[in-house]
Amino acid sequence: MTDLLPQELRILAAVCDNGGFSAAAAALGLTQSAVSHSVRGSEAKLGAVLFERGRAGATPTPAGERAVALARRILRMYEVLGAEVRGAGSGAGPGTVEGVLRIAAFRSAALHLLPPALERLTARYPGIRPEVRVVREIGAGAAGEVAAGRADLGIATLGGSHDVTPGLLTGVLAQEAYRLVHPAGHPDPKGLPLMDWDENCGSYTRSWWRAQDWIPRATVKAEDDAMVLTMVGRGLGMAIMPELSLREATEAVDITDLGPAGPVRQVGYVTTAESASTLAVRALIRELRSEKG
């Protein structure tokens, strides 16, 4: 088998990202025939069909999804190679770090965990340019962005019903308890309807949730945790929420501890082995860990 060249990798990623050969060709400044020829050549080299072709465009097969994810990650290392070598050759010392640092995080982590860490990081390394993508922590979530090669590091919930892709590296940054949140001064908060949102982590604490006979099925589903807090503050129900989400709580709600046996979730970082070796990712992990301390 002949190794794929960088341009072949770029074409695979472009076809996936743009949904077809014509759109990929336009994005790359190539002809459609050149893109089609390159993909056929890559498929021959790899011995697998990478895209299902159709009138609506091109959709990656399971083999194609894996190939594109690895292609993105390899191309990213080419970019990092240049940035790290330029930094080392700038005369500012071997610890110089520059370039884009791509981060994926769920909403409350992006709001509360990342900003102080990024503030310290960019003060220490002005050449780093963080790009933060807020993703819903549903299905693959932030970890999936890392696995797909779209992020260098993700802030994700760990230990849930969706296992992290094998080969990714993880580390716990925070363990946070869930609390009962309800309208301020309500005499019987446990008698209120349960409010929830799709990203809430009941799946991470299933045994605890199943054992609580006082928790009804959710009758109201909101878009995100901020909406849940607003609706609870309006007296529309109660909710069980993790501490990160409750940092946005106002005086309109009261927060009640669920006791030492209450549920907890782990929040941590996810990265790849190759990204973990880069100066920028190592520096961000250090700052995130110092925030934990």
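## Rings and cavities

Lys190 sits over the face of Trp214, at 4.5 Å from the ring centre. The model is predicted.

**Aromatic pairs**

How many aromatic pairs does a search of the whole structure find? The search finds 2. Phe21 and Phe51 make up one of them: their ring centres are 6.4 Å apart and their planes stand at 90 degrees, so the pair is edge-to-face. The cut-off for that class is over 60 degrees.

Where do the two Phe residues lie? Phe21 belongs to helix α2 (residues 21-28) and Phe51 to strand β1 (residues 51-54), so the pair ties together parts that are 30 residues apart in sequence. Phe21 is buried, with a relative accessible area of 10%. Phe51 is buried as well, with a relative accessible area of 1%.

Trp208 and Trp209 also form an aromatic pair. Their rings are 5.9 Å apart, centre to centre, with 85 degrees between the planes. This pair, too, is edge-to-face. Are Trp208 and Trp209 buried or exposed? Trp208 is buried, and Trp209 is buried too.

**Cavities**

Rolling a probe the size of a water molecule over the atoms shows where empty space is left. Across the whole structure, a search finds 2 cavities of 30 Å³ or more. The largest cavity has a volume of about 100 Å³. A total of 13 residues line the largest cavity, and the closest to its centre are Phe106, Ser108, Trp197, Glu199 and Asp225.

The second largest cavity holds about 50 Å³ of space. Its lining consists of Arg73, Arg76, Met77, Arg102, Val146, Ala151, Asp152, Thr272, Glu274 and Ser275. Which elements give two or more residues to this lining? They are α4 (62-88) and α11 (273-276). The largest share, 3 residues, comes from α4.

The table sets out the lining of each cavity by class.

| Cavity | Nonpolar | Polar | Charged |
|---|---|---|---|
| Largest cavity | 4 residues | 3 residues | 6 residues |
| Second largest cavity | 3 residues | 2 residues | 5 residues |

Charged residues thus have a place in both linings: 6 in the largest cavity, and 5 in the second largest cavity. Among the residues closest to the centre of the largest cavity are Glu199 and Asp225. Both count as charged. In the second largest cavity, the lining includes Arg73, Arg76, Arg102, Asp152 and Glu274.

Definitions and conventions: Residues numbered from 1 in each chain as written. Predicted model: local features only at pLDDT ≥ 70, side-chain atom pairs only at ≥ 80, totals over all residues. Heavy atoms only, no water. Phe/Tyr/Trp six-rings, centres within 6.5 Å; stacked < 30°, edge-to-face > 60°. Helix = DSSP H or I, 4+ residues; strand = E, 2+ residues; numbered from the N terminus. Buried < 20%, exposed > 50% of the residue type's maximum accessible area, 1.4 Å probe, protein only. Lys NZ or Arg CZ within 6 Å of the ring centre and 35° of its normal. 1 Å grid on protein atoms, 1.4 Å probe; cavity = no way out; pocket = protein on both sides within 12 Å on 5 of 7 lines; lining within 4 Å. Points joined across faces, edges and corners; volume = space filled by probe spheres on them.
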